[in-house]
Amino acid sequence: MKKTWWKESVVYQIYPRSFNDTTGSGMGDIQGIIEKLDYIKSLGADAIWLCPVYESPNDDNGYDISDYRKISEDFGGQKAFDTLLDKMHQKGLKLVMDLVANHTSDEHYWFNESRKSKENPYRDYYIWKDGKNGGPPTNWESFFNGSTWEYDQLTDQYYLHYFTKKQPDLNWENPKVRKEIFEVIEYWFEKGVDGFRMDVISLISKPDSFQDTQYVKFQDTIINIYANGPKIHQYLHEMNQAVLSKYDIMTVGEGPGIDLKNGPLYVDEKRKELDMVFHFDHLFIDCGEGGKYDPQPYDLPKFKKVFTDWDNALKNGGWGSIFLGNHDFSRMVSRFGNVDEYHLESSKLLATLLLTLRGTVYIYQGDEIGMTNVGYPSIADYNDVETLNAWNEAKKKGKDMEEFFKIVHSQSRDNARTPMQWNNSENAGFTNGTPWLQLNPNYIDINVSQQENDSNSILNYYREMVQFRKENDVLVYGDYECLNEDDNELFVYRRWDKDVEFLILHNFSENDLRFQKNMNAEEYEFCKTNVQEHLDDSYLLAPWQTKVLRKKTK
Ligand code: TEU
């Protein structure tokens, strides 16, 4: 397996508006990131993935870009960005930007032109269709509820938008659009940017014909109609040849509808498309028929299977992304850990999981201190467009809104977007102004400053485990095998190469449990744990205990 810097990297994801505000605007800014670079470096991170900081009307917090070459003044503008990039490179940190190329803002110049007339040279930059029987061209539903089609009176046609109506989809079929986007990518690489996370890249190739969906489950419509369109691989290969292959950069394509069947095609080195993808098999694990806002119970075997299947799928030519949350999902410890009784232990267990699997590791801001879901008292406290649209839709459908509010508490994207908790002073040291989104009141107890001073903290554990991964590249590149697929409470796996083998055991339960497998415990030496219990008995685990054991193979 070819070794590269990005395979070995630990990437720290920043959601800039919630990270650190230096102006009192209530919104994080680039200067705020600059001030925290030493902190990020202290985690052992090698790179930062920065969510969009371009000019945007912020209908979807920057995922609606109105100028791809302009850094928003709200974040400090181009000058601040140049300083950030310089300082990061001085400190040996790489910068991965977000590329949102499936759609633009409706306030982008291209769309303003496109709307004007059917003859406008930019008309075909977007997807315009005639209506059908007095309604939209198809019955498609957008990701954020409502039709994917918006009627525009000016030319009596509809335009396509998979997300909000302020996010019109680009027409990748048009070679001019592809060229424009490739030039944008090149522009940032020439500035020295080290890579791109590509937003919903799985959606850029639209179906050959626009037909009504017959699927009942939204997920089925995504997989069969919206995602992995007929030309997706052609476009990505073209992008690779036109620009990506000319730079020493990393790419990670994000997207709904990426699954075990099609995922490997995006990242197979021989095909020359992307380096990695983010799939959501583990993060959509609890989605019922109605999608994210219809959560259903799931079990540990299913969770383990996602990691095992993906490792298998990518081991012969490809590379994985290891992550347990981002700005679109609730907090990882609230979902997969136990915040009530074992916040410390389960946060550390999940950190160990992240840092001992094969793939590039992504840590979402705040997870390194165990930030949790927020649960605001009123729907009026929520900001996220997905949450609010889902709420309005539920109301329209006559759902029990008290019950639905509980779902909002567990599923809202705002859970991951509450401001970073730096210390226990007012607004957690995030801002001197009024925060754009209310803080999680638990910042009094869960914050960076408190954890800096506690050798037993989640934060210091992350540092230790990142270091440990770096000292043992078998944890990056070594083979993986799950040893207990069916067990409902333990997740046990091996990682090995020709020199060394690790056995990693996680107890996802509130009980003392022993791993029952006929293995010779004496051969393994103890390396790491999150709880100082049962150290004399390798296979016995306390509640939410994690253990890393090592065996010399030569
Ligand atoms: O998210 C893509 C995506 O698949 C989301 O619709 C996801 O399913 C949802 O957020 C889960 O709740 C990306 C960005 O990460 C997201 O922030 C943007 O809103 C979206 O694209 C549109 O650009």
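## Contacts of phenylalanine 491

Once neighbours within four places in sequence are set aside, phenylalanine 491 is in contact with Leu300, Lys304, His506 and Phe508. Keep in mind as you look around that this is a predicted model.

Phenylalanine 491 belongs to strand 17, which covers residues 490-496. Is this residue buried or exposed? Phenylalanine 491 has 24 other C-beta atoms within 10 Å, and 20 or more count as buried, so the residue is buried. For a sense of distance along this part of the chain, try glutamate 471: it sits 20 residues from phenylalanine 491 in sequence, and their C-alpha atoms are separated by 23 Å.

## Helix 13

Let's turn to helix 13, made of the 12 residues 385-396. At 1.5 Å a residue the helix should span 16 Å, and its end C-alpha atoms are indeed 16 Å apart, so the expected and modelled values agree.

Which residues of helix 13 are buried? They are Val385, Glu386, Thr387, Ala390, Trp391 and Ala394. A reminder helps when reading that list: an α-helix has 3.6 residues a turn, so residues three or four places apart point the same way. The buried residues of helix 13 pack against two elements, strand 13 (291-295) and helix 14 (401-411). Just after helix 13 comes glycine 398, with a positive phi of about 75°.

## Around the ligand

The ligand is worth a visit too. It is surrounded by 13 residues, and the closest are Tyr63, Phe143, Phe163, Pro256 and Asp328. Sorted by class, the shell around the ligand holds six nonpolar residues, six charged residues and one polar residue.

Conventions
Residues numbered from 1 in each chain as written. Predicted model: local features only at pLDDT ≥ 70, side-chain atom pairs only at ≥ 80, totals over all residues. Near = placed C-beta within 6 Å. Nonpolar A, V, L, I, M, F, W, Y, C, P; charged D, E, K, R; others polar. Helix = DSSP H or I, 4+ residues; strand = E, 2+ residues; numbered from the N terminus. Expected span 1.5 Å × (residues − 1). Buried ≥ 20, exposed ≤ 12 C-beta atoms within 10 Å, placed from the backbone. Contact = placed C-beta atoms within 7 Å.
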